[in-house]
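User: Hi! I would like to learn how to read the pockets, cavities and sheet of a protein model. Could you walk me through one?

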Amino acid sequence: MTTLSVFLDVPKSIKDKDQQQEEAYHKDRDRRKIFLGHRALLSEDGQPWVPLPVKKVYLQTVNDPTRNYEHLPVAGAPEFIRGATEFALGKNSKAILQNRASGVQTPGATGAFRIGAEFLNRWYNINKETSVCLALLAHDRYRWIFEAAGLTHIYPYRFWDNKTMGLALPDMLEDLERSPDFSIVLLPTSCNPTGIQPQSSDWKQIADVMKRKSMFPFFHLKDQGLASGDVDTDAWPVRYFISEDFELFCAQSFSASFGLYGERIGNLLIVMKSNEVLISVRSQLESLAREIWSTPPCFGSRVVATVLRNPLLYVEWKDSLKTAVRRLMIIREKIREKLRLMETLKSWEHLTKQGGLFAFMALTLNQVDFLAKKKHVYLSEHGQMNISGLNANNLDYVTRSIHEVTMNDNCMQLPDVKQCRISQNEGKKDNY
């Protein structure tokens, strides 16, 4: 006898724009198709880049006959947590020396955000309604994590200025001023997602506003070292906030900088006022980790910990990172110069002022759609491009396509799309 499923009324999940772009790319049969929405750092041959010292340690670890196959502790591998904490803060950080900084190993930065958000929803109860401030262009990718944890009072703040093609610092400060006191503020660093990194003077102004309003910083330190080529420069904002006596969380990711994407290596860095508070907070985060994933993956964290703790491997890895960053800057210069020679009716100087893995092209959503449908060039929703996907075989075609889309009014004949898509879920509102 046939019976109906009890899940018959379950609707299909709505894919976001970036997922739709990737799906359309795989279905595209045009030989010219190019996907520039990758999250991975690609080498010239289009394959994920893996630093040589990481490859060496990876193979050594695989072939180590003494390798332990037991589960890691719930909080993760102690040597990895210690290495990741020192990597972000510096070995001489006062927070480390005062024993008030540590971490919890997580499945990537997403895992760090999830347990951090869950903890803040349960224990950060200064206001009746805990508010979260998210950078507008990175809004959707973080929003669902915080909403799933129960933090639904979202306040977007402006981060990108289309007129200056750079940081919208006055707008950002204005939006933070308007947000409730004691809000949690997610702060992207390492040129993520727009390719721009606020200057030290900008970070100081941001910290001043947040300190006055008693806000809680939650940093995203993504692939430290890939923005500027220097691991200390990329970590400066986090270190500065600590020097200003902030308590904070920081989600660390080691995917692109170590080339270990499938290993899901992340860390939730915790900096508190005292060791006593740190112990209590970390114990609650461990409990959350046990509830959600039990124990983190072990293999990748061993590779990262080995590289970070071995002076020779660490120097070799940093040299590899600098080489990769130089290649990214050369690609930026080539894009800018080719577009300049085409006399595109737009300045592209901002491309070489940006850094990191992604270039923010400042294209409209209609232009992004036009590139995909007419030119078979697939970018992320807001025109963010993974420049490592460009090489000698496709650079000319991509720049010609961008030139055409910025010159051709026909692209505006596509259905109008809201410039800043705040949410794809009906019935949900943001606070402004």
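User: How many nonpolar, polar and charged residues are there in the lining of the second largest pocket?

Analyst: Happy to help; keep in mind that this is a predicted model. Rolling a probe the size of a water molecule over the atoms shows where empty space is left. In the second largest pocket, the lining is made of 10 nonpolar, 11 polar and three charged residues. The space in this pocket comes to about 470 Å³. Of the 24 lining residues, Ile196, Gln197, Pro198, Gln199 and Lys353 are the closest to its centre.

User: Which elements give two or more residues to that lining?

Analyst: Strand 6 (166–167), helix 8 (200–212), helix 9 and helix 14 (350–353) do. Helix 9 contributes the largest share, with four residues.

User: Where does helix 9 lie relative to the strands?

Analyst: Helix 9, residues 231–243, lies across strand 7 (184–188), strand 8, strand 9 and strand 10 (265–271). Against strand 8 the helix runs at about 160 degrees.

User: In what order do the strands of the open sheet come?

Analyst: The seven strands follow the order 2-10-9-8-7-3-4, with mixed pairing. Strand 2 (101–107) and strand 4 (153–157) stand at the edges with a single partner strand each, so one side of each has no neighbour in the sheet. On average, neighbouring strands here are turned by 20 degrees against each other, with direction ignored.

User: Do strand 8 and strand 9 pair in the parallel or the antiparallel sense?

Analyst: Parallel: strand 8 (residues 216–222) and strand 9 (residues 248–253) pair that way over five bridges. Within this pair, Phe219 stands opposite Cys250 in strand 9.

User: Which strands does helix 11 lie across?

Analyst: Helix 11 (residues 275–292) lies across strand 2, strand 9 and strand 10, and runs at about 10 degrees to strand 2.

User: Now for enclosed space. How many cavities of 30 Å³ or more does the count come to?

Analyst: The count is two. A cavity is a space where the probe fits but cannot get out, whereas a pocket is open. The largest cavity holds about 80 Å³ of space. Its lining includes Ser190, Cys191, Lys222, Asp223 and Phe358, and divides into five nonpolar, four polar and two charged residues.

User: And which residues line the second largest cavity?

Analyst: Tyr124, Ile126, Asn127, Glu129, Thr130, Ser131, Asp181, Phe182 and Ser183 line this one, around a volume of about 30 Å³. By class they divide into three nonpolar, four polar and two charged residues.

Terms used:
Residues are numbered from 1 along each chain as its sequence is written. This is a predicted model: local features need pLDDT of at least 70, side-chain atom pairs count only at pLDDT 80 or more; totals for chains, interfaces and linings use all residues. Side-chain values use heavy atoms; hydrogens and water are left out. Two strands pair if DSSP finds at least two bridges between them. Axes are lines fitted to C-alpha atoms, for helices over the stretch in contact, and angles run from 0 to 180 degrees between N-to-C directions. Contact means heavy atoms within 4.5 Å. On a 1 Å grid over the protein atoms alone, a cavity is a set of points where a 1.4 Å probe fits but cannot get out, and a pocket is an open set with protein on both sides within 12 Å along at least five of seven lines; lining residues have an atom within 4 Å of a point. Grid points are joined across faces, edges and corners, and a volume is the space filled by probe spheres set on the points. Ala, Val, Leu, Ile, Met, Phe, Trp, Tyr, Cys and Pro count as nonpolar, Asp, Glu, Lys and Arg as charged, and the others, Gly among them, as polar.
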